Amino acid sequence: MGVNSIPENYLNILACPYCQADVKQSQDQLVCQSCERKFPIKNGIPDMLPYDDISPKFQLSINSWNKEWKKVGLPAKGQTKADPSYVYVTKFICRHAPSENEWGPFLEAGCGNGQLALLVAKEKKGLVIGIDACHEACEQSRQLFDREQEEGFFVVGDLRHLPFKTASLGYMFGWGSLEHFPDTQVAVQEIYRTLRPGGRVNTSVPVISLATLGYYQIWGNIPELPLIKPLAEWFHHRLLRGRHLQYGYEKSFTIRGIKKYFTKVGFENVRHGRPDNYYRFERPPWEWLRALARWLSQFRLFWLIVYVEADR
Ligand SMILES: [Zn+2]
């Protein structure tokens, strides 16, 4: 047991990603109390990916991001709290949180290497959970939290089969995760299921604009538009066999399109906006061009991402 022993308060939230029944710990694995599927735990991180239902497009995303996180590695000590992009988003998360006593449990969907979750954990009391489809991401998150002596819990899983009980979460935050697989609606339905009444979701995705139709094509972003989407999917996945897709499968949405996914499953007060975060723009080699891109990104025609927020 030891490192792989899941604390009670987190174990109580977890559920089988296939049938949503309770899971129990049995040595180094979690066992579903209904369908009896087993989920191994490694370094305190349960692997609750639904391997029976992972499409080639999603597998491509997982592989690309595993590679990406291995390249990025653990941030140096003090690096996260000095990084304007993380500081901006942490402020955004806190400002947009549901009322103070309904904050938790907080889930970051697509937690990456845990830097954002870390700043949130430092800001708030209560449970902080991160989920990511990449082992490497969860592993780095775990190491980061251990190093910073913060409490948090990480699980490898899929947004379309969330390994949490119905109505168990208070606030779900996910930037840059919903766009990485074709079936957005299933994931939004799962978010609705796992949030408790009064809970809130805030998610951000690439939005279709002059900027994303141009800049995001460097890594083969797929605009979710009639005719264009199937063509772009065919071009990248069939013709180029994913060679051009640095971040795996990635879509961009119209504002109307992404909001519709939320209203359709019953979310209330579905609203959107431009997140006032800090864009680094690593690709252009000149600072003047990066500054111009940052300035342009405030105008709707050049928005890169849009946040959608909704109440359960
Ligand atoms: Zn089950």
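Mentor: Buried means under 20% relative accessible area, exposed means over 50%, and partly exposed is anything in between (1.4 Å probe, protein chains only). This is a predicted model: local features need pLDDT of at least 70, side-chain atom pairs count only at pLDDT 80 or more, and totals for chains, interfaces and linings use all residues. Residues are numbered from 1 along each chain as its sequence is written, and side-chain values use heavy atoms, with hydrogens and water left out.

Trainee: Thanks! Is Cys-35 buried, partly exposed or exposed?

Mentor: Cys-35 has a relative accessibility of 30%. Because that value falls between the two cut-offs, Cys-35 counts as partly exposed.

Trainee: Which residues are the protein donors of the zinc ion?

Mentor: Donors are N, O and S atoms within 2.8 Å of the metal (3.2 Å for Na, K and Ca); water is not among the atoms, so sites may look incomplete. Here each donor atom is an SG, lying 2.2 to 2.3 Å from the zinc ion. In sequence, the donor residues follow the spacing C-x2-C-x12-C-x2-C. They are Cys-16, Cys-19, Cys-32 and Cys-35.

Trainee: What arrangement do the four donor atoms around the zinc ion make?

Mentor: Four donors count as tetrahedral if all angles lie between 85 and 135 degrees; four count as square planar and six as octahedral if opposite donors are over 155 degrees apart and all others between 65 and 115; anything else is irregular. The angles here run from 96 to 127°, which makes the arrangement tetrahedral.

Trainee: How many residues apart are Cys-19 and Cys-35, which the zinc ion brings together?

Mentor: Both cysteines are donors of the zinc ion. Cys-19 sits in the loop between α1 (8-11) and β1 (23-26), while Cys-35 sits in the loop between β2 (29-32) and β3 (38-42). Helices (H or I, at least four residues) and strands (E, at least two) are DSSP runs, numbered from the N terminus. The pair links distant parts of the chain, and the separation is 16 residues.

Trainee: How many helices and strands does the protein chain have, and what is its radius of gyration?

Mentor: The secondary structure comes to 10 helices and 13 strands. The globule rule (2.2 Å times the number of residues to the power 0.38, with the radius taken over C-alpha atoms) gives 20 Å for 312 residues. The chain comes close to that, so it is as compact as a globular protein of that length, with a radius of gyration of 19 Å.

Trainee: What percentage of the residues in the protein chain is buried?

Mentor: For scale, the C-alpha atoms fill a box of roughly 55 × 40 × 40 Å, taken along the principal axes. Among contacts (heavy atoms within 4.5 Å) with a separation of 6 or more, 74% join residues 24 or more positions apart. The buried share of the 312 residues is 55%.

Trainee: How many salt bridges does the structure hold?

Mentor: A salt bridge is a side-chain nitrogen of Lys or Arg within 4 Å of a carboxyl oxygen of Asp or Glu. Lys-122, Arg-147, Glu-148 and Glu-150 are linked in a network of them. The total for the structure is 16.

Trainee: Which residue meets Asp-52 in a salt bridge?

Mentor: The N to O distance in this pair is 3.1 Å. Asp-52 is exposed, at 58%, whereas the partner is partly exposed, at 32%. Asp-52 lies in the loop between β4 (45-46) and α2 (56-72) and the partner between β2 and β3, so the pair ties together parts 15 residues apart in sequence. The partner is Arg-37.

Trainee: Why are Asp-146 and Arg-142 separated by about one helical turn?

Mentor: Their side chains meet in a salt bridge (3.1 Å, N to O). Asp-146 is partly exposed at 48%, while Arg-142 is buried at 14%. The separation is about one helical turn because the two are four residues apart in helix α5 (residues 135-147).

Trainee: Which residue forms a salt bridge with Asp-183?

Mentor: The closest N and O atoms are 2.8 Å apart. Asp-183 is partly exposed, at 32%, and the partner is buried, at 6%. The partner is Arg-160.

Trainee: How many of the nine residues of helix α4 (residues 115-123) are buried?

Mentor: Among the buried ones are Leu-116, Leu-119 and Val-120. What covers the buried residues of α4 includes α3 (84-95), β5 (106-109), β6 (128-132), α5 and β8. The helix is mostly covered, and its buried count is seven.
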